[in-house]
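Student: I am new to this structure and should be grateful for a close look at a single part of it. Please begin with one buried position and the residues around it, and then proceed outward.

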Amino acid sequence: MSSITALIVDDSKSVRFSLRKMLKQYNVEADTVDSGAEANDFLKNADKAPGVRLMDHIMPVMDGFETPRAII
């Protein structure tokens, strides 16, 4: 198991798939969600926070600028 984890937040399924596949080549395990609200829920319920968060800045409802503020 990898010691590095990531959370990919993007409303594009193809972007989530591509980033996850790319990160796997570097032994980074990535979870994916499709919205800022879902990222917020994921992080509230996670046992351990991911080491890195990759976030789209243009998403409907809660964008990539609002989401980090909600998480903090």
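Tutor: In this predicted model, Thr67 touches Gly36, Ala39, Met55, Met59 and Met62, when residues up to four places away in sequence are not counted. Thr67 itself belongs to helix 3, which covers residues 66–71. Its relative accessibility is 0%, and because buried means under 20%, Thr67 counts as buried.

One of these partners, Ala39, leads further inward. Leaving aside neighbours within four places in sequence, Ala39 is in contact with Leu7, Val9 and Val33 as well as Thr67. Ala39 is also a member of the largest nonpolar core, whose six residues are Leu7, Val9, Val33, Ala39, Leu43 and Met59. To this core, strand 1 and helix 2 (36–45) each supply at least two residues. Another core lies apart from it and has five residues, including Ala6, Leu23, Val28 and Ala30.

The largest pocket may be considered next. Its space amounts to about 230 Å³. It is lined by 15 residues, of which Thr5, Ala6, Asp31, Lys48 and Pro50 are the closest to its centre. Strand 1 (4–9) and strand 2 (28–33) are the elements that give two or more residues to this lining. By character, the lining comprises eight nonpolar, three polar and four charged residues.

Finally, a word on helix 1 is in order. Its 13 residues, 13–25, should span 18 Å at 1.5 Å a residue, and the distance of 19 Å between its end C-alpha atoms agrees with this. Just after helix 1, Asn27 adopts a positive phi of about 60°.

Definitions and conventions: Residues are numbered from 1 along each chain as its sequence is written. This is a predicted model: local features need pLDDT of at least 70, side-chain atom pairs count only at pLDDT 80 or more; totals for chains, interfaces and linings use all residues. Side-chain values use heavy atoms; hydrogens and water are left out. Helices (H or I, at least four residues) and strands (E, at least two) are DSSP runs, numbered from the N terminus. Buried means under 20% relative accessible area, exposed over 50%, partly exposed in between (1.4 Å probe, protein chains only). Contact means heavy atoms within 4.5 Å. The expected span of a helix is 1.5 Å times one less than its number of residues. On a 1 Å grid over the protein atoms alone, a cavity is a set of points where a 1.4 Å probe fits but cannot get out, and a pocket is an open set with protein on both sides within 12 Å along at least five of seven lines; lining residues have an atom within 4 Å of a point. Grid points are joined across faces, edges and corners, and a volume is the space filled by probe spheres set on the points. Ala, Val, Leu, Ile, Met, Phe, Trp, Tyr, Cys and Pro count as nonpolar, Asp, Glu, Lys and Arg as charged, and the others, Gly among them, as polar. A nonpolar core is a set of buried Ala, Val, Leu, Ile, Met, Phe, Trp, Tyr and Cys residues joined through side-chain atoms within 4.5 Å.
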